[in-house]
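Trainee: Please pick one part of this structure and look at it closely with me. Then connect it to the rest, step by step.

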Amino acid sequence: MTDTFMASPSHMHMQMALVQAQHAWDLGEVPVGAVVVKDGEVIATGYNQPIGKHDPTAHAEIMALRAAAEILGNYRLPGCELYVTLEPCVMCAGRGGP
């Protein structure tokens, strides 16, 4: 009998964030990736890009959140979850809550 590993949705979302971190690494950026999920579906991704974009705010979390807000047409991102490969910095953590 073989054991089959069934990854949880959270595990799969974090794996997707790690893929985003690899994109950053490949571009010479600090390897951080982020994924925004709504109702179990990934709606946006992002990776660190401050060097390439010459933008100190182009952190993975910010890139993913900006993309998600654009897709949803709502800056509050109701019902969304953010998966990030590194604990957010003070800027990205901001204030928690609406």
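Mentor: Start with H54, in the loop between α2 and α3. This is a predicted model, so read each value as computed from it. H54 is not a glycine, yet its phi is positive, at about 50°. Why does that deserve a look? Most residues other than glycine have a negative phi. Is H54 buried or exposed? Its relative accessibility is 72%, and exposed means over 50%, so H54 counts as exposed.

Now go to H59. It sits in the loop between α2, residues 50–53, and α3, residues 60–72. Is H59 buried or exposed? Its relative accessibility is 19%, and the cut-off for buried is under 20%, so H59 counts as buried. The side chain of H59 reaches the backbone oxygen of P56, at 3.4 Å. What else does H59 touch, leaving aside neighbours within four places in sequence? The contacts are Y47, N48, P50, C89, M91 and C92.

Take C89 from that list. At 30% relative accessibility, C89 lies between the 20% and 50% cut-offs, so it counts as partly exposed. C80 also counts as partly exposed, at 22%. How many disulfides does a search of the whole structure find? The count is zero.

Stay with the loop for one more residue, D55. How many salt bridges does a search of the whole structure find? There is one. It joins R66 to D55, and the closest N and O atoms are 3.9 Å apart. R66 belongs to helix α3, while D55 lies in the loop between α2 and α3. The two are 11 residues apart, and the pair links distant parts of the chain. R66 is partly exposed, with a relative accessible area of 44%. D55 is partly exposed as well, at 21%. That value is not under 20%, so D55 does not count as buried.

Next, follow α3 to the sheet. Helix α3 lies across β1, β2 and β3. It runs at about 140° to β2. The sheet itself is open and has three strands. Their order is β2-β1-β3, and the pairing is antiparallel. Which strands stand at the edges? They are β2, residues 41–47, and β3, residues 80–84. Each has a single partner strand, so one side of each is left without a neighbour in the sheet. From one strand to the next, the twist averages 20°.

What holds strands together in general? Strands of a sheet pair through backbone hydrogen bonds, either parallel or antiparallel. Here, β1 spans residues 33–38 and runs antiparallel to β2. Six bridges join these two strands. Look at G33: it stands opposite Y47 in β2. Y47 has come up before, as one of the contacts of H59.

Helix α1, residues 9–26, also packs on the sheet. It touches β1, β2 and β3. Its direction makes about 145° with that of β1. Use M16 as your marker in α1. Beyond residues up to four places away in sequence, M16 touches V35 and V42. M16 and V35 are 19 residues apart along the chain, and their C-alpha atoms are separated by 7.0 Å. M16 is partly exposed, with a relative accessible area of 38%.

Between β1 and β2 there is a loop, and D39 lies in it. D39 has a positive phi too, about 55°, although it is not a glycine. Compare that with H54, where phi is about 50°. D39 has a relative accessible area of 69%, over the 50% cut-off, so it is exposed.

Finally, step back to the whole chain. How many helices and strands does it have? The secondary structure comes to four helices and three strands. Along the sequence, the pattern is α-β-β-α-α-β-α. The chain has 98 residues, and buried residues make up 30% of them. H59 counts among the buried ones. Now take the contacts with a separation of 6 or more. Residues 24 or more positions apart account for 49% of these.

Technical notes. Residues numbered from 1 in each chain as written. Predicted model: local features only at pLDDT ≥ 70, side-chain atom pairs only at ≥ 80, totals over all residues. Heavy atoms only, no water. Buried < 20%, exposed > 50% of the residue type's maximum accessible area, 1.4 Å probe, protein only. Polar contact = N/O pair within 3.5 Å; in protein donor to acceptor, adjacent residues only side chain to side chain. Contact = heavy atoms within 4.5 Å. Disulfide = S-S within 2.5 Å. Pairing = 2+ DSSP bridges. Axes fitted to C-alpha atoms, helices over the stretch in contact; angles between N-to-C directions. Salt bridge = Lys/Arg side-chain N within 4 Å of Asp/Glu carboxyl O.
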